[in-house]
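Reader: Please take me through this structure and give the grounds for each term that is applied to it.

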Amino acid sequence: MQEQYAGSGNRTMNSLHDTAPRPALDRRLCLAPMMEWTDRHFRYLLRLGAPQMLLYTEMVTSAALVHGDAARLLAFHPDEQPVALQLGGSNPQELAQAARLGEAAGYAEINLNVGCPSDRVQSGRFGACLMAEPTLVGDCVAAMREAVRVPVTVKCRIGIDDQDSESDLRRFIETVAAAGCSVFIVHARKAWLQGLNPKQNREIPPLDYDRVYRLKRDYSQLTVVLNGGITRLEAAREHLARLDGVMIGREAYANPHAMMCWDAALYGGAEPPSPHALVRAYLPYIEHELAAGTRLASMTRHMLNLFQAVPGARAWRRHLSEHAFRLGAGVEVIEAALAKVPERLDLVMAEPAGS
């Protein structure tokens, strides 16, 4: 665990175009990219207790990077590594330029979003709707691979709308793999682009893990990571017996300390610090960010779920929610909230790491 805040953060992009070989990324446990959730503050907090997990950013559009404030959008702390940048877009040249910016900022991987089903994303011709255009996705992958040395990967669904047969998925995978993509993160639900909103698309279409298993069996040369509905460590282990990795989304945010226990269990590391210790380790980062102008609530919103089902957990959440948003709020708000959870009751309310 990082006991002290080291460095000033990646406020400006670093030039990392070197010739040194890059170590292969371990994808056994990955944090899913989630809009409004997996920002740099949450990733730093999670990294304090999960040293091995591969972290993914929120989706950033290629247009926003190329035409906007790339330094701000790409900022992250070096202690987050390994961390991957997820891009949204469908213009090969623009994506290539955005990928270059991501690599220069220090990201260990560039991931293309071909799984988000929201109307806004569809209107920009990216996300899950691109599964209907595998040739275009292949062109995008090829352009990005030409532009960067870090891995270029794709996150997709098992299908969309009525284009959801096993042959449709295989055609998509084969086309994109031929363009040079060897890593696919597959959400094991199809997406209904018409009729379901993003929340419903995470819950209503049934999970089909067997289809993802068959994909790995028949394309064993590819790295296949499973996403969708994984909420227990034992389930993660079962998937890992047949696949190369698991990606965890809502469960990681709802119970970050449990995810830290998964990290220790799957990678053979030490048990994570207690939630009390994690809060204290996070304080130097918060103080630095406050001095840089970040509002306290931008960080404390990610801490609400650190304590689960212990006396004082509700008081902890209430105090942060009621006081962190106030103008000038500082770490004293967190310290007062922490005092409401008796430390002797600071228990790990997750599955035992060895279960």
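Author: The protein has 16 helices and eight strands. The model is a predicted one, with an average pLDDT of 89 and a score of at least 70 for 86% of the residues.

Reader: Where does the pLDDT stay below 50?

Author: Over residues 1–21 the pLDDT is below 50, and this stretch has 58 contacts in the model beyond near neighbours in sequence. Residues 345–355 are likewise under 50, and the model has 31 contacts for them beyond four places in sequence.

Reader: What share of the residues of the protein counts as buried?

Author: Of the 355 residues, 55% count as buried; the cut-off for that word is a relative accessible area under 20%. About 14,800 Å² of the protein is exposed, and carbon and sulfur atoms supply 50% of that area. As for contacts with a separation of 6 or more, residues 24 or more positions apart account for 75% of them.

Reader: What makes the sheet an open one, and in what order do its strands lie?

Author: The order of the eight strands is S1-S8-S7-S6-S5-S4-S3-S2, with parallel pairing. Strand S1 (29–31) and strand S2 (55–61) are the edge strands, and each pairs on one side only. From one strand to the next the twist averages 25°.

Reader: How do you know that S1 and S8 pair?

Author: Two strands count as paired when there are at least two bridges between them. S1 and strand S8 (residues 245–248) are joined by three bridges and run parallel, so the criterion is met. Leucine 29 stands opposite valine 246 in S8.

Reader: What is the basis for pairing S5 with S6?

Author: The same criterion of at least two bridges applies. Strand S5 (residues 152–157) and S6 have four bridges in the parallel sense, and therefore they pair. Cysteine 156 stands opposite valine 186 in S6.

Reader: Why is S6 called mostly covered?

Author: Strand S6 (residues 183–187) has five of its five residues buried. Val183, Ile185 and His187 point one way from the strand, while Phe184 and Val186 point the other way; all are buried.

Reader: How do you know that the length of H12 agrees with that of a helix?

Author: At 1.5 Å a residue, its twelve residues should span 16 Å; the end C-alpha atoms are 17 Å apart, and therefore the two values agree. Helix H12 (residues 256–267) lies across S1 and S8 and runs at about 155° to S1.

Reader: What makes H12 mostly covered, and what covers its buried residues?

Author: Eleven of the twelve residues of H12 are buried. Among them are Met259, Met260, Cys261, Trp262 and Tyr267. The cover includes S1, S8, helix H1 (40–49), helix H10 (233–240), helix H11 (250–254) and helix H13 (275–291). After H12 comes glycine 268, with a positive phi near 75°.

Reader: Why is H4 described as largely enclosed?

Author: Ten of the 14 residues of H4 are buried, so the helix is largely enclosed by the rest of the structure. The buried residues include Pro92, Glu94, Leu95, Gly102 and Glu103. They pack against helix H2 (62–67), helix H3 (70–74), strand S3 (83–88), strand S4 (109–114) and helix H6 (134–147).

Reader: What span should H4 have, and how far apart are its end C-alpha atoms?

Author: For the 14 residues of helix H4 (residues 92–105), 1.5 Å a residue gives an expected 20 Å; the end C-alpha atoms are 20 Å apart, which agrees.

Reader: Why is the peptide bond from glutamine 81 to proline 82 called cis?

Author: The omega of this bond is near 0°, and the bond is cis. Most peptide bonds are trans. Proline 82 is placed in the loop between H3 and S3.

Reader: What makes the phi of glutamate 36 worth noting?

Author: Glutamate 36 has a positive phi of about 75° although it is not a glycine. Most residues other than glycine have a negative phi. Glutamate 36 lies in the loop between S1 and H1.

Reader: What is the phi of alanine 309, and why does alanine 309 count as exposed?

Author: The phi of alanine 309 is near 55°, which is positive in a residue other than glycine. Its relative accessibility is 67%, and the cut-off for exposed is over 50%, so alanine 309 counts as exposed. Alanine 309 is in the loop between helix H14 (297–300) and helix H15 (313–323).

Technical notes: Residues are numbered from 1 along each chain as its sequence is written. This is a predicted model: local features need pLDDT of at least 70, side-chain atom pairs count only at pLDDT 80 or more; totals for chains, interfaces and linings use all residues. Side-chain values use heavy atoms; hydrogens and water are left out. Helices (H or I, at least four residues) and strands (E, at least two) are DSSP runs, numbered from the N terminus. Buried means under 20% relative accessible area, exposed over 50%, partly exposed in between (1.4 Å probe, protein chains only). Contact means heavy atoms within 4.5 Å. Accessible areas come from the Shrake-Rupley method with a 1.4 Å probe; for residues, only the protein chains shown count as cover. pLDDT is the predictor's confidence in each residue, from 0 to 100. Axes are lines fitted to C-alpha atoms, for helices over the stretch in contact, and angles run from 0 to 180 degrees between N-to-C directions. The expected span of a helix is 1.5 Å times one less than its number of residues.
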